[in-house]
Amino acid sequence: METAVLFLLLFGLLLIGAPIAIALGLSSVLFIALFSHDSMSSVTIQMFNASQNFTLLAIPFFILASSFMSTGGVARRIVNFAVATVGWVRGGLAMAGVLACMIFAALSGSSPATVVAIGTIAIAAMRQAGYSKEFAAGIIANAGTLGILIPPSIVMVVYAAATNVSVGRMFLAGVVPGIVAGLMLMGAIYFIARKKNLPSQPFPSFKVLWSTFAQAAFGMFLIVIILGGIYAGIFTPTEAAAVAAVYACLIALFIYRDMGPLKEKKWRKPGESLIESVGRNVGLITLYFVPALFHRDTRKVLIESGKTTIMLMFIIVNALLFAHTLTAERIPQVITDWMVGAGFGWFTFLVVVNIILLIGGQFMEPSGLLLIVAPVVFPIGLELGVDPIHLGIIMVVNMEIGMITPPIGLNLFVTSGITGMSLVQVVRAAAPFVMVLLVFLVMVTYLPWLSTALPTYMMGPEVVLR
């Protein structure tokens, strides 16, 4: 009965329009005050402990790196490289949009940021090449969801913090599923392109391919810094996020120069020798280094990143308080005992998890939903023999699909904003490719090696402490 009261408080607050952070925190406080044997002082203690979580410190740095990469013109260079790589295939411009989203996902860790950065450029390019606006919008809305599956992923960091699994393992576990999901979307595009006789781009010369790669290389090197640094043992994931934020700032301000005081200043002027160019640029960077850090463009990025960080961390801290309330009342254990007693196996358990998350993902923000569900299903999964890393990837894929399903799918609103299409039009455009991701969800759910093979190979078998 008391368990039902806690969830009724939560969903009642959500139904009357309370923000998810307020609903999570207030329902927990009211339950502790009215029904629990736990002390009210535990509220302060748990919220303080949540704010001291070292793993969660990675989130603001990844958000900041994503903001600089979105602002610094990296997306345009990545799109050009993707077009040169696969644009010559029939339907290749749409495939390039998917490939660009995959690459940018490995830089940003954010799905909406991927849609905005890549979609703004790729959708316009597809429209110029003769693709319909609906087809282009549907592709980018779905491909943008890879931003939370391909590492580094903010949602994976949240799951790791909520369940105490390794962030490094979660990042590795997302690599193969992320590539498979991208290839499945490209396969669907190729099938449609053959059927509708969609255009292809001319086959590029090696010079063009190398040129586009060289222009995008500084941005894409961030992938090497983050993942290479973590798995070479140089950084922890949190330290890697901090290094990534600094690197992204330097790239945006001084290398690509799409923002800040050096904006529009060419690296090499006509008729200038290489030595003169190097000397002039060293002088410019030295002269403008400190002013660039305080430039209005830099301040704007920092402010926007700060707003996003505060919003997300407020949700997470309240969600961890809710998780503490669940644990203190032994609610996950009660549900585990009931499901085991009812004869649930790992197969049927995962069916139930997917249904809950697919429904919940239509109405709630991914991090908040994950932090509500993970503390409940995690111990049940361990009891039934489900690998915790595999379970985490299943939850992330469900969050992906939730971002492109109405009424609250964030990617739908972002895509509507950058295309000028109505929400209903975007939903219809995205629907055929959502089916591809649903098939992918079934694959990820019942082929656990897709998620676990790479982390096991790279880091050895996982030791689970119950």
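Here is a short chat about helix packing and hollow spaces in this predicted model.

Visitor: Let's start with the largest pocket: about how much space lies in it?
Guide: The lining of that pocket takes in 41 residues. Among the helices that each supply at least two of them are H4 (58-71), H9 (154-163) and H18 (366-383). The space in the largest pocket comes to about 970 Å³.

Visitor: Which helix gives the most to that lining?
Guide: H7, H19 (388-402), H20 and H15 (296-328) are among the helices that each bring at least two residues. One of these gives nine residues, the most of any, and that is H15.

Visitor: And how many charged residues does the lining of the largest pocket have?
Guide: Nearest the pocket centre you'll find Ser110, Pro112, Ala113, Thr308 and Leu410. Taking the whole lining by class, there are 21 nonpolar and 13 polar residues, and the charged ones number seven.

Visitor: H7 and H20 both turned up there. Are they roughly parallel or roughly antiparallel to each other?
Guide: The axes of H7 (residues 111-128) and H20 (residues 410-419) come within 10 Å and cross at roughly 30°. Angles under 35 degrees count as roughly parallel. H7 and H20 are therefore roughly parallel.

Visitor: What is the hand of the crossing of H7 and H20, and how many charged residues are in their contact?
Guide: The crossing is right-handed. On the H7 side the contact uses Ser111, Pro112, Val115, Val116, Gly119, Thr120 and Ile123, and on the H20 side Leu410, Asn411, Val414, Thr415, Ile418 and Thr419. By class that gives seven nonpolar and six polar residues, and for charged ones the count is no residues.

Visitor: H15 came up too. How do H2 and H15 run relative to each other, roughly parallel or roughly antiparallel?
Guide: H2 (residues 20-34) packs on H15 at an angle of about 30°, and the axes are 8 Å apart. H2 passes H15 in a left-handed crossing. With the cut-off for roughly parallel set at under 35 degrees, the two helices are therefore roughly parallel.

Visitor: How many polar residues does the contact of H2 with H15 have?
Guide: H2 brings residues including Ile20, Leu24, Ser27, Ser28 and Phe31, while H15 brings, among others, Phe314, Asn318, Phe322 and Thr325. Sorted by class, the contact has twelve nonpolar residues and no charged ones, and the polar residues number five.

Visitor: Over to H11 and H21: how many residues of their contact are nonpolar?
Guide: H11 (residues 175-196) and H21 (residues 423-446) pack at about 145°, their axes 10 Å apart, in a right-handed crossing. Pro177, Val180, Met184 and Ile192 are among the H11 residues that meet H21 residues including Phe433, Val436, Phe440 and Met443. The contact has no polar and no charged residues, and the nonpolar count is 14.

Visitor: Any closed spaces? Which elements give two or more residues to the lining of the second largest cavity?
Guide: The structure holds two cavities of 30 Å³ or more, and about 30 Å³ of space lies in the second largest. Its lining is Val79, Val83, Leu93, Ala96, Gly97, Ala122, Ala125 and Met126. The elements giving two or more of these are H5 (74-86), H6 (92-108) and H7.

Visitor: Last one: how many residues in that cavity's lining are polar?
Guide: The lining of the second largest cavity has seven nonpolar residues and no charged ones. Gly counts as polar, and Gly97 is in this lining. The polar count is one.

Note on methods
Residues are numbered from 1 along each chain as its sequence is written. This is a predicted model: local features need pLDDT of at least 70, side-chain atom pairs count only at pLDDT 80 or more; totals for chains, interfaces and linings use all residues. Side-chain values use heavy atoms; hydrogens and water are left out. Axes are lines fitted to C-alpha atoms, for helices over the stretch in contact, and angles run from 0 to 180 degrees between N-to-C directions. Helices (H or I, at least four residues) and strands (E, at least two) are DSSP runs, numbered from the N terminus. Angles under 35 degrees count as roughly parallel, over 145 as roughly antiparallel, 65 to 115 as roughly perpendicular and the rest as oblique. A crossing is left-handed if the near helix is turned anticlockwise from the far one by less than a right angle, and right-handed if clockwise. Contact means heavy atoms within 4.5 Å. On a 1 Å grid over the protein atoms alone, a cavity is a set of points where a 1.4 Å probe fits but cannot get out, and a pocket is an open set with protein on both sides within 12 Å along at least five of seven lines; lining residues have an atom within 4 Å of a point. Grid points are joined across faces, edges and corners, and a volume is the space filled by probe spheres set on the points.
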